[in-house]
Amino acid sequence: MGKFIFTILFCIIPILANATDMCARDNVMVLAFDPILNGSYYVNNSTEWAWGLKFSYGNILGEATCLSATEGLGQKAVGKYYGAGEYSSTFITADSGLSGVDADGADRKYCWCKMTHPAVSHWVFYKEYTKDTCKSTCTSGCAFNIPALQNLRESLFESIGL
């Protein structure tokens, strides 16, 4: 009888262990991000301009950058991932970890956050700082305030794949 139970368990456990892969089909995986659920602070590395958050459905990693008003296409509204005015349908493109001044000498004082794992979002506007405090505070601002601000989370999640 013991061998029979062992054989049955030996056959069932591998099936249960692979059950999480059943949602992936034809190299497509479905991820559900719920902006209603608050996350919690996970990691903040201002040297690497990287942040991470814990949610009940998994960890989210991202990066931060400081942009000038020109580089941010005039956008200054929290949670927006496109420019303002004539650029209202243009997504923001930038490198992670920018600070100081842009090519025209304008201060990079506008903090932007971007999710990089498990999916990639567009850059989302978070907050205006001074040139000096943006460099030292932007990453921690993303790490601590994405969990706190639902509109910031919603924008990160809805800008995936656009």
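Helices and strands are here DSSP runs, numbered from the N terminus, and with those labels applied to this predicted model, select Gln-75, which sits in the loop between β3 and β4.

Display the side chain of Gln-75 together with its surroundings. Gln-75 has a relative accessible area of 9%, and because buried means under 20%, this residue counts as buried. Its side chain reaches the backbone nitrogen of Ala-77 at 3.1 Å, while the backbone oxygen of Gly-83 lies 3.3 Å from a polar atom of that Gln-75 side chain. If neighbours within four places in sequence are set aside, the contacts of Gln-75 are Lys-80, Tyr-82, Gly-83, Ala-84, Trp-112 and Phe-125.

Keep Trp-112 and Phe-125 selected and add Leu-98 and Trp-123, since these four are among the eight residues of a second nonpolar core, separate from the largest one.

Move next to the largest nonpolar core, which has 23 residues, and colour Trp-51, Cys-111, Cys-138, Cys-142, Ile-146 and Leu-156, the members that touch the most others. Two or more residues of this core come from each of β2, β3, β4, β5, α2 and α3, with α2 giving the largest share, four residues.

Finish on helix α3, residues 150-158, where Leu-152, Arg-153, Ser-155, Leu-156 and Phe-157 are buried. To see what surrounds them, show β2 (50-55), β3 (58-67), β4 (110-117), β5 (124-128) and α2 (131-145), the elements against which the buried residues of α3 pack. Leu-156 links the last two stops, being buried in α3 and also listed among the residues of the largest core that touch the most other members.

Key: Residues numbered from 1 in each chain as written. Predicted model: local features only at pLDDT ≥ 70, side-chain atom pairs only at ≥ 80, totals over all residues. Heavy atoms only, no water. Buried < 20%, exposed > 50% of the residue type's maximum accessible area, 1.4 Å probe, protein only. Contact = heavy atoms within 4.5 Å. Core = buried A, V, L, I, M, F, W, Y, C linked by side-chain atoms within 4.5 Å. Polar contact = N/O pair within 3.5 Å; in protein donor to acceptor, adjacent residues only side chain to side chain.
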